[in-house]
Amino acid sequence: MGITLGELAVQFSLDLHGDPETTVTRVGTLAGADENALTFLANPQYRKQLQVTKAAVVVLDAGAVDDCPTDCLVSTNPYASYAKIAQLLHPPAPLNPGIHPTATIGDGVAVDPSAEVGAQCVVGSDVKIGPGVLLGPGCVIGDGVRIGAQTRLAAQVTLLHNVVIGERSILQPGVVIGADGFGFAADSGIWQKVPQLGSVVVGDDVEIGAQTTIDRGAIDDTVIENGVKLDNHIMIGHNVSIGEHTIIAAKVGVSGSTRIGKRCMVAAEAAFVGHIDIADDCVITARAVMNHSVTEPGVFAGLLVADEIGKWRKNAARFRSLDRFVRKLKELEKTVALLVRERDK
Amino acid sequence: MGITLGELAVQFSLDLHGDPETTVTRVGTLAGADENALTFLANPQYRKQLQVTKAAVVVLDAGAVDDCPTDCLVSTNPYASYAKIAQLLHPPAPLNPGIHPTATIGDGVAVDPSAEVGAQCVVGSDVKIGPGVLLGPGCVIGDGVRIGAQTRLAAQVTLLHNVVIGERSILQPGVVIGADGFGFAADSGIWQKVPQLGSVVVGDDVEIGAQTTIDRGAIDDTVIENGVKLDNHIMIGHNVSIGEHTIIAAKVGVSGSTRIGKRCMVAAEAAFVGHIDIADDCVITARAVMNHSVTEPGVFAGLLVADEIGKWRKNAARFRSLDRFVRKLKELEKTVALLVRERDK
Amino acid sequence: MGITLGELAVQFSLDLHGDPETTVTRVGTLAGADENALTFLANPQYRKQLQVTKAAVVVLDAGAVDDCPTDCLVSTNPYASYAKIAQLLHPPAPLNPGIHPTATIGDGVAVDPSAEVGAQCVVGSDVKIGPGVLLGPGCVIGDGVRIGAQTRLAAQVTLLHNVVIGERSILQPGVVIGADGFGFAADSGIWQKVPQLGSVVVGDDVEIGAQTTIDRGAIDDTVIENGVKLDNHIMIGHNVSIGEHTIIAAKVGVSGSTRIGKRCMVAAEAAFVGHIDIADDCVITARAVMNHSVTEPGVFAGLLVADEIGKWRKNAARFRSLDRFVRKLKELEKTVALLVRERDK
């Protein structure tokens, strides 16, 4: 398919500098796009590539127009405009509705006729699968699961019993939702398993990355609200709640019963201890560990970046005696203060 | 099913304050339990909720009895008592014994008639599956694997060839046991694969969380002893040994050939370098990295928690010159000592 | 099978001290090997075990010959020689060529007759599977995938559409290649998905550990060059490029668009922010976080190791005021300098 620049300008409310009849059929990078492709400039780091782009059109902000050698579509938010145009030009593959003959389907299952249940899927009993849902190959869906319209499970996703997924969500391969939370009670030297009896409720427009796990609640449910985006290898413990439109990068861990607010941004490998509340609109930078509740929006950091090994080792060795050094510093302050007082007498 | 408070008091050696004929059918939270539900108070943080609970009965310790508005069962360890009662009220779903017609079974496989082999499972040759075992949907079991009585693999678990799993163990979805350990020998600029010829032996009453991997030994076996509990996303390297009743939270990494003792507690995201020994009864707190052996029980920490970003950045910047500051401090000490000596002359 | 020490000496260019007619059939550890087994000494930590080994022969370096109670094969690189001998004595299990009847195969798929497609595999359309390839049980292969000769997917591996894997590579269970990269554009409080339209190209002789994920590129491809070795639970973001013969240990994260050079060594749990370039031949030690580009080979560190908890807490508490202490130190320096100047007047 193709679309003209004129149509794009109208549909996405962009200012077109160029020929409205020019047609684009796909997106490309600044460096790689050809005369049939649309590209974008959002990161100023790539401004040099703008000058040599062969793209049909570049989505950019007003400040970059004069440097653009080709047609351009001007946006106050070029990356978001690019995302929406790319969604239009590159929609997900159409479904092949129906249940693959190799899939195993339990009793009392309602699969909408417009949904696709892929090869080798196993669907338990009393499952409801909405219109336009995709279960890619090899998914395992437990008893009592509900999956809302247009949601897509790429492949090899496991949803345990009674998990609920909203509409238009996307689950990448290897996602596991509803495994038992990690609950054990110490009992005379052994660990008693605490049955994990809650479930997991995932909202609409959620994306969940490959290998990410979201454990079921101990009694109440674990909750992922609408619009949340989770990257790969994330661990969400039991009874956690994550607010709407919060975005969390790869390898983050959230311990049990912690609540993260709406519209938070959490960078890779950050972590949260259990039983804390994080306010809406907080930003947690890479590898930071939150160990207390936060009631107001804020930006939190916790990363010591790598250094040349010799330098790092010297500083790290000093860290191991930091308390002693600070004590020395305080003694020295007293001594010097005394000397100063004596001088001033 | 239901059970009377009188029966619970006898079976679990608890003191009942209330009506022995009252029946409970399920567990609930302090806030959510109704008149048919049992709940518990173990974390003092939730004491306020005790006063408004609508539960039939609360399991709690003697100190909380006077604040309890309903019947109560008094325990010296309320959380463990709750766990055992919840196990009784909410047993795992009964098995559906037999081999699902979509499962693929190799030669020489012995499946106990009381075991369930789920849909789409693939079982290699010469495998032994004990009584009451559950292989949930989509599990892959390699040649020569042994699985002991009552062990449950939830779904999509992979056990490679010759792995041995004991009795009453629970493996959550996505667990991989017996993948090749990471062994490569540097050889003129390339990496020679060192064949990984050992296996993995997992004991009885072990729980293993979603996506956790336990690699097979290089020559000897990797060993997980009885009663060990492993959370999600844990990486156990080749030839590691983990002692009885040790509990390890999510995302911990244990490098090759390290031995962790019995009854250790390891918090989330801790890590262990390779080839070290950790004594019995050690506690390793969150994100701590153990880089040396420990011969006595101890508690180890290694986490710098997040701070407001401006504050963090100032401190982190100073860290990068910490060695220099300490040198300055030491020079200053000498100078001041000299000044003091001169004054005292 | 067995092989004589004489044959080994010739084939691997080793000096034999002992009987060339002695035959070995397998490898073993120094402590566990018997008179039919070959073992090796590479780590000096194990030298004591050499003196009591019952092995038929030990691969070792010239400096250890005099301490060896049995025959030995002398190598300048005993570990690499051992690896190659072990590969010879313990080759991977032979394939069972053909397509398992439970596998699902799409249209236009070319499977070489010498390849094995295991039980319950799902292969999309237009896939090419080369000679000697193994798809273990439960693998899911998307449309348009290419897999080169002799490559082995152990089990439950997912390759999404258009992923390309080279020859002689090994993918452990749970690997996911080609899931969508994590690309979202902020758009008035919600996150617009940026379609992930590139693919992943993996070279020859690559090994990829259990649960590791390699995301597809946003527009261009993510690239893993020849000879790269990746351990378990690694996260490779979209548009990352990893150079030839680089080796990366478990749980490392590489954020989007970062380029890692050739022959780098990256220890466990290290991480890389996005959009940086790391030169060839760099070494990144455990848990170090690289946040800037590096143009020359170097060794980088970033780990504070665990300490006894009381000691750690004191130092960590001081860290939170480090900037203040350094300011005090600087003031003190000025005061002392003044005192010294006054004394010297």
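Biologist: What share of the 345 residues of chain A count as buried?

Modeller: In this predicted model, 58% of the 345 residues of chain A count as buried, where buried means under 20% relative accessible area, with a 1.4 Å probe and protein chains only. Local features need pLDDT of at least 70 and side-chain atom pairs pLDDT 80 or more, whereas totals for chains use all residues.

Biologist: What makes up the secondary structure of chain A?

Modeller: Chain A comes to five helices and 40 strands, a helix being a DSSP run of H or I with at least four residues and a strand a run of E with at least two.

Biologist: Why is chain A called more spread out than a compact globule?

Modeller: The radius of gyration of chain A, taken over C-alpha atoms, is 27 Å, well over the 20 Å that the globule rule gives for 345 residues, so chain A is more spread out than a compact globule; that rule is 2.2 Å times the number of residues to the power 0.38. Along its principal axes, the C-alpha trace of chain A spans about 90 × 70 × 35 Å.

Biologist: How do you know that chain B and chain C are related as by a three-fold rotation axis?

Modeller: Superposed by least squares on the C-alpha atoms of residues with pLDDT of at least 70 in both, chain B can be laid on chain C with an RMSD of 0.1 Å by a turn of 120° and a shift of 0.0 Å along the axis. The two copies are therefore related as by a three-fold rotation axis. Chain A can likewise be laid on chain C by a turn of 120°, with an RMSD of 0.1 Å. Chains are lettered from A in the order in which they are written.

Note on methods:
Residues numbered from 1 in each chain as written. Chains lettered and ligands numbered in written order. Heavy atoms only, no water. Buried < 20%, exposed > 50% of the residue type's maximum accessible area, 1.4 Å probe, protein only.
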